[in-house]
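Biologist: I'd like to go through this model with you and hear the reasoning behind each label. Could you bring it up?

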Amino acid sequence: MLEDRPTAAPAAPWPTAYPKGYAVVDVETTGLSRDDRIISAAVYRLDAQGQVEDHWYTLVNPERDPGPVWIHGLTTDVLSGAPLFPEIAEEFATRLDGRVLVAHNAVFDWSMIAREYARAQRTAPVRQRLCTIALSKELGLPLPNHKLESLAAHFGVVQERAHHALDDARVLAEAFRPSLQAAAAGNVRLPLLECRPLTEWVDQSGSSVPRQSQPAYRGGGAGSWRPSRKRPPCPHPNPGRYETGKPLKQGMRVAFSGDTSVDRELLEDRAVDAGLHVATSLSRLTSLLVTNDPDAYTSKVVKAKQFGTPVMDEAAFGQLLQDVAPADGS
């Protein structure tokens, strides 16, 4: 007679709302501003459950100084014979087509890609992006910070060549697969955000290249690509910097940097509705910087450290938005 043995619980069904494929992307660039260029790009294509299908890598001639060679290792001599972006745009698009773009601090990679396609008077076939920083927060991963090396170490992924697009994309793909599977097992909402192509490209001379009639990409990475939407001036005086443990106060100047789980425009609208001043740049007058990646090397994060500006993540900011103190004299 056979013994009765406990049977394993059936695996949870894969969430039907999850995307059907992913393009894990990393780009190396000449810098962080909106006029900087892509100098290398890598894409790992993954299926619906995160299994690698193939990968692709290319150098790109930026037609300018390569920037921080000590970081990415790509010199002018190395890049001089590389194809120009318009020459690789079609192949790049094939790798992205119909997939969710996945990147670490995805708003940066997407903004650089969108600008390159706008320069080439083309449109990248990307409609959604997923930031692995935001996903790690949704999963509650116990990471010491939001660097790629920390995410890789958490999943036991060995990084061989940091700041090399192909290896960074490989590392991210290997770390994304167990993240995706954990999210599916817990039926966790994926932090998907819309990717909107640029409506125009403004070159360094100030001339404008018309693009599509779609709204421009709103993001907070390198550069400030936003539609020509002007908000009314904040009616309240700036009460100064935010102090830890106290509520936000109407009139405070709030800046945003990096990817957000809530659509950036909606988050800014909530701040304005609460009586805050949304600043597009960071100065000594800024009351608070909201970012999910305080270790990122963006201009706003760097300035916040220089000026001693308080920094807060999106979740904490969302909590404080629920009870903003009235302006002085209100």
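Modeller: Happy to; keep in mind that this is a predicted model.

Biologist: At what angle do α5 and helix α7 pack, and how far apart are their axes?

Modeller: The angle between α5 and α7 (residues 165-185) is about 35°, and their axes lie 11 Å apart. The crossing is left-handed. On the α5 side the contact is made by Thr132, Leu135 and Leu139, and on the α7 side by Leu172, Phe176, Ser179, Ala182 and Ala183.

Biologist: How do those contact residues divide into nonpolar, polar and charged?

Modeller: Six are nonpolar, two are polar and none is charged. Leu, Phe and Ala count as nonpolar, and Thr132 and Ser179 belong to the contact.

Biologist: Which strands does α5 lie across?

Modeller: Helix α5 (residues 132-139) lies across β4 and β5 (128-131), and runs at about 60° to β5.

Biologist: What is the order of the strands in the sheet, and is the sheet open or closed?

Modeller: The sheet is open, with six strands in the order β3-β2-β1-β4-β5-β6 and mixed pairing. β3 (52-59) and β6 (192-194) are called edge strands because each has a single partner strand, so one side of each has no neighbour in the sheet. On average, neighbouring strands are turned by 25° against each other, direction ignored.

Biologist: What makes β1 and β4 a pair, and in which sense do they run?

Modeller: Pairing takes at least two bridges; strand β1 (residues 21-29) and strand β4 (residues 100-103) have three, in the parallel sense. In one of them, tyrosine 22 has valine 100 of β4 as its bridge partner. Helix α3 (residues 85-96) packs on this sheet and touches β1, β2 (38-47), β3 and β4, with its direction at about 170° to that of β3.

Biologist: Why is cysteine 131 called buried?

Modeller: Buried means under 20% relative accessible area, and cysteine 131 has 3%, so the label applies. Cysteine 195 is at 2%, so it counts as buried too.

Biologist: How many disulfides are there?

Modeller: The sulfur atoms of a cysteine pair must be within 2.5 Å, and by this rule the count is zero.

Biologist: At roughly what angle do helix α8 and helix α10 cross?

Modeller: Helix α8 (residues 264-273) and helix α10 (residues 314-321) cross at roughly 35°, their axes coming within 11 Å. This crossing is left-handed. Leu267, Arg270 and Ala271 of α8 meet Glu314, Phe317, Gly318 and Leu321 of α10. Those residues divide into four nonpolar, one polar and two charged.

Note on methods: Residues numbered from 1 in each chain as written. Predicted model: local features only at pLDDT ≥ 70, side-chain atom pairs only at ≥ 80, totals over all residues. Heavy atoms only, no water. Helix = DSSP H or I, 4+ residues; strand = E, 2+ residues; numbered from the N terminus. Axes fitted to C-alpha atoms, helices over the stretch in contact; angles between N-to-C directions. Contact = heavy atoms within 4.5 Å. Buried < 20%, exposed > 50% of the residue type's maximum accessible area, 1.4 Å probe, protein only. Left-handed = near helix turned anticlockwise from the far one by under 90°.
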